[in-house]
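Reader: Could you take me through this model and tell me the reasoning behind the words used for it? I'd like to see each label set against its cut-off.

Author: Gladly; here it is.

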Amino acid sequence: MSTQSDHGHELIPRPEHTPDALRAALAVVDPGRLDEMQAKKDEAFAQAVEWQSLSPVRSWVLTWARDIEIARRPDLSARYSHAKSHLEHEDQVTAQEALRELTSVLDEAMKAVRA
């Protein structure tokens, strides 16, 4: 796991981009999603064999690294939860702002894990 801390308080260090490191990190920050992670991993590996390409595996790694980045950083996690809870708001302006914020959080997390 990386020991860099770029954003203040973090629940755990940023994990390496390996299945075992991502699984260990998820077990700490969001253990309720472990079954989902395994199912998606199985799908990605099956698709990789079918396509004869590592692209599905790379996508799986980046998706879970991004989601773990959000979960391990309380600042991003709070922004993500708030935005997600307002996506279907009756006020269209509020819903659009929530979508923009959700996109911003996902982009920030992806940028962080690709750095």
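Reader: Which residues touch the most other members of the largest nonpolar core?

Author: In this predicted model, the largest nonpolar core has 16 residues, and those touching the most other members are L22, L26, V29, M37, W60, W64 and I68. Helix 1, helix 2, helix 3 and helix 5 (92-114) each give two or more residues to this core. The largest share, 6 residues, comes from helix 3.

Reader: What makes this set of residues a nonpolar core?

Author: The name requires buried residues of the nonpolar kinds, such as Leu, Val, Met, Trp and Ile, joined through side-chain atoms within 4.5 Å. Buried, in turn, means under 20% relative accessible area. Over the whole protein chain of 115 residues, 33% count as buried.

Reader: What does W64 touch, leaving out residues up to four places away in sequence?

Author: W64 touches L22, L26, R33, E36, M37 and K40. A touch here means heavy atoms within 4.5 Å.

Reader: Why are helix 1 and helix 3 called roughly parallel?

Author: Helix 1 (residues 19-29) and helix 3 (residues 55-72) pack at an angle of about 30°, and their axes are 10 Å apart. Angles under 35 degrees count as roughly parallel, and therefore the label fits helix 1 and helix 3. Their crossing is left-handed.

Reader: Which residues meet where helix 1 packs on helix 3?

Author: From helix 1 come P19, L22, A25, L26 and V29, and they meet W60, V61, W64, A65, I68, A71 and R72 of helix 3. By class, this contact has 11 nonpolar residues, no polar ones and 1 charged.

Reader: And what makes helix 3 roughly perpendicular to helix 4?

Author: Their axes cross at roughly 100° and come within 5 Å, helix 4 being residues 74-85. The range for roughly perpendicular is 65 to 115 degrees, so helix 3 and helix 4 earn that description. E69, I70 and R72 of helix 3 make the contact with P74, L76, S77 and Y80 of helix 4. This contact of helix 3 with helix 4 divides into 4 nonpolar, 1 polar and 2 charged residues.

Reader: Now two glutamines, please. Is Q52 buried or exposed, and how do you know?

Author: Q52 has a relative accessible area of 75%. Exposed means over 50%, so Q52 is exposed. Q52 lies in the loop between helix 2 and helix 3. Its phi is near 55°, a positive value in a residue other than glycine.

Reader: Why is Q38 called partly exposed?

Author: The relative accessible area of Q38 is 32%. Partly exposed covers the values between the 20% limit for buried and the 50% limit for exposed, so Q38 falls into that class. Q38 sits in helix 2 (residues 34-51). Q38 and R23 are 15 residues apart in sequence, with 8.7 Å from C-alpha to C-alpha.

Reader: Finally, how many helices and strands does the protein chain have?

Author: The protein chain has 5 helices and 0 strands, and from the N terminus on its elements run α-α-α-α-α. Along the principal axes, the C-alpha trace spans about 45 × 35 × 25 Å. Among contacts with a separation of 6 or more, 54% are between residues 24 or more positions apart.

Terms used:
Residues numbered from 1 in each chain as written. Predicted model: local features only at pLDDT ≥ 70, side-chain atom pairs only at ≥ 80, totals over all residues. Heavy atoms only, no water. Axes fitted to C-alpha atoms, helices over the stretch in contact; angles between N-to-C directions. Helix = DSSP H or I, 4+ residues; strand = E, 2+ residues; numbered from the N terminus. Parallel < 35°, antiparallel > 145°, perpendicular 65-115°, else oblique. Left-handed = near helix turned anticlockwise from the far one by under 90°. Nonpolar A, V, L, I, M, F, W, Y, C, P; charged D, E, K, R; others polar. Buried < 20%, exposed > 50% of the residue type's maximum accessible area, 1.4 Å probe, protein only.
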